[in-house]
Amino acid sequence: MVASVAGLLFIVVIVFWQVFGRYVLNSSPTWTESLSLIIVLYVTLLGAAVGVRDAGHIGLESLLVLAPDKLRQRIEFVIHALVAIFGAAMVYNGLMLGESVISYKIPNLALPEAVRYAPLVLSGLLIISFSIEHIVALIDGTEVEPSWH
């Protein structure tokens, strides 16, 4: 979460520099838009992983509350397992896409295009680990402490 907040602040600084350059200096930097778009990818995907950690993903809690305790625990287990499978799909597809474009460069930044797919892989790995954490907590009968309080 701290990395996502820092990324948002960095985006604000970059966009401010772009606007300042365009309207005050009459010379807008060419790299600012590309870099801010890449940072948006990192911020949103890391934020999504934190949402999984804090169990803030989309769910039907109203129906889950009505279920008996044993059934609710099984349903929660299935939900976290499915989220982990989704994280694995993110990792796999992020690696495949990143590998396919690693030889290309991002204009104005001279970075490999794979930089755009790295947050997909990182977020997928975090989602898998956070889902496993939730499954272990379900088995132990404990709660996962939220990361942001």
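What is the handedness of the crossing of helix 1 and helix 2? The crossing of helix 1 and helix 2 is left-handed, a term for a near helix turned anticlockwise from the far one by less than a right angle (clockwise would be right-handed). Before the close-ups, a word on the model: it is predicted, so local features need pLDDT of at least 70 and side-chain atom pairs count only at pLDDT 80 or more, while totals for chains, interfaces and linings use all residues. Residues are numbered from 1 along each chain as its sequence is written, and side-chain values use heavy atoms, with hydrogens and water left out.

**View 1. Helix 1, from end to end.** Helix 1 covers residues 2-23; helices here are DSSP runs (H or I, at least four residues; strands are E, at least two), numbered from the N terminus. Its 22 residues should span 32 Å at 1.5 Å a residue, and the end C-alpha atoms are indeed 32 Å apart. That expected span is 1.5 Å times one less than the number of residues.

**View 2. The two sides of helix 1.** Ser4, Gly7, Ile11, Ile14, Gln18 and Gly21 are the buried residues of helix 1. Looking down the axis of helix 1, these buried residues fall within an arc of 105°, so they line one face of the helix; the arc is that of the directions from the helix axis to the C-beta atoms. On the other side, Val2, Leu9, Val12, Val13, Phe16 and Tyr23 are exposed. As for the words, buried is under 20% relative accessible area, exposed is over 50%, and partly exposed is in between (1.4 Å probe, protein chains only). A bit of background: an α-helix has 3.6 residues a turn, so residues three or four places apart point the same way.

**View 3. Helix 1 against helix 2.** The buried residues of helix 1 pack against helix 2 (31-53). The two axes come within 9 Å and cross at roughly 160°; axes are lines fitted to C-alpha atoms, for helices over the stretch in contact, and angles run from 0 to 180 degrees between N-to-C directions. Helix 1 and helix 2 are therefore roughly antiparallel, the label for angles over 145 degrees (under 35 is roughly parallel, 65 to 115 roughly perpendicular, and the rest oblique). Among the residues that meet here are Ala3, Leu8, Phe10 and Trp17 from helix 1, and Thr32, Leu35, Ile39 and Val43 from helix 2.

**View 4. Valine 12 and tryptophan 31.** Valine 12 is found in helix 1 and is exposed, with a relative accessible area of 54%. Serine 36 is 24 residues from valine 12 in sequence, yet the C-alpha atoms of the pair are 8.7 Å apart in space. Tryptophan 31 lies in helix 2 and is partly exposed, at 34%. Between the C-alpha atoms of tryptophan 31 and valine 12 there are 14 Å, with 19 residues separating the pair along the chain. Not counting residues up to four places away in sequence, tryptophan 31 touches Ile14, Trp17, Asn108 and Leu109, contact being heavy atoms within 4.5 Å.

**View 5. Asparagines in two loops.** Asparagine 26 sits in the loop between helix 1 and helix 2, and counts as exposed at 67% relative accessibility. Its phi is positive, about 55°, although it is not a glycine. Asparagine 108 is found in the loop between helix 4 and helix 5. Asparagine 108 has a positive phi too, of about 75°, and it is not a glycine either.

**View 6. Glutamate 113 in its loop.** Glutamate 113 lies in the loop between helix 4 (69-101) and helix 5 (118-140). At 17% relative accessibility, it counts as buried. Leaving aside neighbours within four places in sequence, glutamate 113 is in contact with Val101, Tyr104, Lys105, Ile106 and Pro107.

**View 7. Helix 4 beside helix 5.** These helices pack at an angle of about 160°, with their axes 7 Å apart. That makes helix 4 roughly antiparallel to helix 5, and their crossing is left-handed. Buried residues of helix 4 include His80, Met90 and Val101, and what covers the buried residues of helix 4 includes helix 2 and helix 5. In helix 5 the buried residues include Pro119, Phe130 and His134, with helix 2 and helix 4 among the elements covering the buried residues of helix 5. Just after helix 5 comes glycine 141, with a positive phi near 75°.
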